Amino acid sequence: MGRVEEKVAIVTGAASGLGLASARRLAEEGARVVMADINEEQGREAAADIPGARFALLDVTREPAWERLVDEVVEESGSLDIVLNGAGVARLASIEDTTEAIWRLVNAVGTDGTFYGCKHALRIMKRQGSGSIINMCSTASIQGGPNIFAYAASKSAIRGMTKSVACLSAQEGYGVRCNSIHPGNMDTPMLREMRETVLRSDPAAVEQMDKLWVGEPSDVANMVLFLASDESKSVNGAAMVVDNTTTITEGAVPKLHKD
Ligand SMILES: NC(=O)c1ccc[n+]([C@@H]2O[C@H](COP(=O)([O-])OP(=O)(O)OC[C@H]3O[C@@H](n4cnc5c(N)ncnc54)[C@H](O)[C@@H]3O)[C@@H](O)[C@H]2O)c1
């Protein structure tokens, strides 16, 4: 018996990185997973490799598309038990360099996408009296960062939305849980792309970046699995940090030379 046997999940951002690893982990533990992404080619290829999963084309910034997908999944599977709002984009820019286009893109995918995901998941799950919504945040919502302005703002909004959904559900007795995950640097295409951007503009900064701890997508996928499963039935409104102390040491773990 898998840890999420027979549960029905929608995972957004599932064509790549943390969303893909999470979809795979949920499917391994018995969930039927709808892998939603805007990248159709990569998403279909990824889903074809995962037994118990199928791909769905979804632009998370569009509320009517969310509405359609959620209704379609409930019609075909009978329930919706897990929604992982994993889709996200990052742009490296300080407040001084953040254009309106950067601000709108990062917030459309991160903030708006998670808002619609939570809203339509809750619509179904409160009817069922159960469900787990998981929002992919970041340590950027805890620490901020000089060159990650729009992203830190969006992730902070997601952190607040998560707690608000959880409180409402607890107050109204909906039986729905909503938690956020805050990964530190994880080895995915997003992080590799950021490293390339830093390398082009400031090679010395890459040396610093390379000293930071980097986790594996499966570290986050295992947290997703825990929050998705009934093992976490009393965990609601929590911010789960997966960063090997990065936020409490600000990225610098000093080494003690004993010789
Ligand atoms: N990698 C890290 O170090 C890290 C750290 C903290 C948080 N995160 C967060 O984890 C999540 C996944 O990041 P990742 O590193 O796997 O990135 P990634 O770039 O590998 O994957 C992101 C996925 O989101 C999809 N996507 C983008 N816009 C979309 C849209 N409008 N609709 C639907 N799908 C869309 C992309 O096609 C892609 O498949 C993001 O929310 C990211 O902010 C990542």
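Tutor: Before we start, a polar contact here is a pair of N or O atoms within 3.5 Å. Keep in mind that this is a predicted model.

Student: Okay, which polar side-chain atom lies 2.9 Å from an oxygen atom of the ligand?

Tutor: Use the cut-off: a pair of N or O atoms has to lie within 3.5 Å. At 2.9 Å from a ligand oxygen, the pair qualifies, and the side-chain atom belongs to Lys155.

Student: And how far is the polar side-chain atom of Thr188 from an oxygen atom of the ligand?

Tutor: Thr188 is among the residues that come nearest to the ligand, along with Ser16, Asp37, Tyr151 and Met186. Its polar side-chain atom sits from a ligand oxygen at a distance of 2.5 Å.

Student: Which residue puts a backbone N or O atom 3.0 Å from a nitrogen atom of the ligand?

Tutor: Here you look at the backbone rather than a side chain, and the partner is a ligand nitrogen. The residue is Val60.

Student: What share of the ligand's accessible area does the protein cover?

Tutor: On its own, the ligand has 840 Å² of accessible area. The share of that covered by the protein is 91%.

Student: How many residues of the shell around the ligand are charged?

Tutor: Helices α1, α6 and α7 each supply at least two residues of that shell. By class, the shell has 15 nonpolar and 11 polar residues, and the charged ones number 3.

Student: Switching to helix packing, at what angle do α3 and α4 pack?

Tutor: α3 covers residues 63-77 and α4 covers 100-128, with axes 10 Å apart. The crossing is right-handed. Trp66 and Val70 are among the α3 residues in the contact, and Tyr116 and Ile124 are among those from α4. The packing angle is about 35 degrees.

Student: Last one: which residue in the loop between β7 and α10 has a positive phi?

Tutor: Most residues other than glycine have a negative phi, so a positive value deserves a look. Glu6, in the segment before β1, has a phi near 70 degrees. In the loop between β7 and α10, the residue with a phi of about 50 degrees is Asn244.

How values were computed:
Residues numbered from 1 in each chain as written. Predicted model: local features only at pLDDT ≥ 70, side-chain atom pairs only at ≥ 80, totals over all residues. Heavy atoms only, no water. Axes fitted to C-alpha atoms, helices over the stretch in contact; angles between N-to-C directions. Helix = DSSP H or I, 4+ residues; strand = E, 2+ residues; numbered from the N terminus. Left-handed = near helix turned anticlockwise from the far one by under 90°. Contact = heavy atoms within 4.5 Å. Near = heavy atom within 4 Å. Polar contact = N/O pair within 3.5 Å; in protein donor to acceptor, adjacent residues only side chain to side chain. Areas by Shrake-Rupley, 256 points an atom, 1.4 Å probe, with all protein chains shown as cover. Nonpolar A, V, L, I, M, F, W, Y, C, P; charged D, E, K, R; others polar.
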